[in-house]
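User: I should like to learn how to read the features of a protein model. Could you guide me through one?

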Amino acid sequence: ARARGVPLHQLLRSGRAKPVLLSGLLGGADGPALDARAEQLHASGILTWKVKLSAAGLTQAQSLVLQRWRQRLGRQLVLRADANGSLDAATLSDFCRELAPWDFDYLEQPLPVGEMDRVPHRLALPIAADEELRDAPGVERALSHPAVRVLVIKPALAGGIVPALSLVRRARAAGKQVVITHMLEAEVAFAAACELALAIDPTPL
């Protein structure tokens, strides 16, 4: 790409790249921190927010902040939940039902890595696979599970941009949606994730 003087994504796709919507991590341990982060995301034009959850679900502070911002922004605000493998298969159905009124796009990595087969096939929320994709068996589990609707693809975890692009194509062939993200690395890895996102045509979840 450098030799040709063009952005990398132009070599990975045909046609002009489409705009990519950004998402941000809400984070924050208390109300003021959450409010400050929400204001920062909104001021940056980022209206898709990832919310980290524990097995206890939304904290009171998270609920209050999300309620205020949902009232303020309505359906412009897109929410995604990430459990980081902290949940249990036996209680997952109830957990998803409790979250359903918030209209999250999906619940990411609800069970520990390697336990995707224990996810019930019918849930009140779509499931996204993230850390599950760290090896080939995990990829196959995610691609074949009917409750997994989204693959969260990180170029570094997939082995680079080209393997990640191949995984995007496999996911879409299996009827899954994809989200491109990164592992909080430095500038080069972040840029790689951006180029991959621009190389694929975004589709609504």
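Analyst: Let us begin with a definition: a residue is called buried when its relative accessible area is under 20%, exposed when it is over 50%, and partly exposed in between. Please keep in mind that this is a predicted model.

User: Which residues of helix H2 are buried?

Analyst: In H2, the buried residues are Gly31, Leu34, Ala38 and Leu41. They lie on the same side of H2, because they cover an arc of only 95° around the axis. Pro32 and Ala43, on the other side of H2, are exposed.

User: What do the buried residues of H2 pack against?

Analyst: Their packing partners are strand S1 (23-25), strand S2 (48-52) and helix H3 (60-73).

User: How does one check the length of H2 against what is expected?

Analyst: One takes 1.5 Å a residue; for the 13 residues of H2, residues 31-43, the span should be 18 Å. The C-alpha atoms at the two ends of H2 are 18 Å apart, which agrees with that expectation.

User: What follows H2?

Analyst: Glycine 45 follows H2, and its phi is positive, near 80°.

User: How should I read the sign of phi in residues other than glycine?

Analyst: The general idea is that most residues other than glycine have a negative phi. Here, asparagine 84 has a positive phi, near 50°, and is not a glycine. Asparagine 84 sits in the loop between strand S3 (78-82) and helix H4 (92-99). With a relative accessibility of 37%, asparagine 84 counts as partly exposed. A further case is glutamine 109, whose phi is positive at about 40° although it is not a glycine. The loop between strand S4 (107-108) and S5 contains glutamine 109.

User: Is glutamine 109 buried or exposed?

Analyst: Glutamine 109 is buried, because its relative accessible area is 1%, and the cut-off for buried is under 20%.

User: Let us turn to the sheet. What is the order of its strands?

Analyst: The sheet is open and has seven strands, in the order S1-S2-S3-S4-S5-S6-S7, with parallel pairing. S1 and strand S7 (177-180) are at the edges with a single partner strand each, so one side of each has no neighbour in the sheet.

User: How does one describe the pairing of two strands within the sheet?

Analyst: One may give the direction, the number of bridges and the partner residues. S2 and S3 pair in the parallel sense, over five bridges. Lysine 52 has aspartate 82 as its bridge partner in S3. Strand S5 (residues 127-129) and strand S6 (residues 148-153) also run parallel, and three bridges join them. In S6, valine 150 is the bridge partner of alanine 128, and leucine 151 is that of alanine 129. Helix H7 (residues 161-173) packs on the sheet, where it touches S6 and S7; the direction of H7 makes about 170° with that of S6.

User: How many residues of S6 are buried, and how many of S3?

Analyst: Both strands are mostly covered: in S6, five of its six residues are buried, and in S3, four of its five residues are buried. As a general point on strands, the side chains of a regular strand alternate between the two faces of the sheet.

User: How may I study the surroundings of a single residue, such as alanine 142?

Analyst: One may examine its location, its accessibility and its contacts. Alanine 142 lies in helix H5 (residues 136-144), and it counts as buried because its relative accessibility is 0%. Beyond its neighbours within four places in sequence, alanine 142 is in contact with Ala129, Leu133, Val148, Leu151 and Lys176. Two of these names have appeared before: Ala129 and Leu151 are bridge partners.

User: What does leucine 198 touch?

Analyst: Leucine 198, in helix H8 (residues 187-199), touches His9, Arg13, Ala17, Lys18 and Val20, when residues up to four places away in sequence are not counted. Its C-alpha atom is separated by 9.1 Å from that of leucine 8, although the two residues are 190 residues apart along the chain. Leucine 198 is partly exposed, with a relative accessible area of 24%.

User: Finally, how many disulfides does the structure hold?

Analyst: The structure holds zero disulfides. As for its cysteines, cysteine 96 is buried, with a relative accessible area of 0%, whereas cysteine 194 is partly exposed at 31% relative accessibility.

Notes
Residues are numbered from 1 along each chain as its sequence is written. This is a predicted model: local features need pLDDT of at least 70, side-chain atom pairs count only at pLDDT 80 or more; totals for chains, interfaces and linings use all residues. Side-chain values use heavy atoms; hydrogens and water are left out. The expected span of a helix is 1.5 Å times one less than its number of residues. Buried means under 20% relative accessible area, exposed over 50%, partly exposed in between (1.4 Å probe, protein chains only). The arc is that of the directions from the helix axis to the C-beta atoms. Contact means heavy atoms within 4.5 Å. A disulfide is a pair of cysteine sulfur atoms within 2.5 Å. Two strands pair if DSSP finds at least two bridges between them. Axes are lines fitted to C-alpha atoms, for helices over the stretch in contact, and angles run from 0 to 180 degrees between N-to-C directions.
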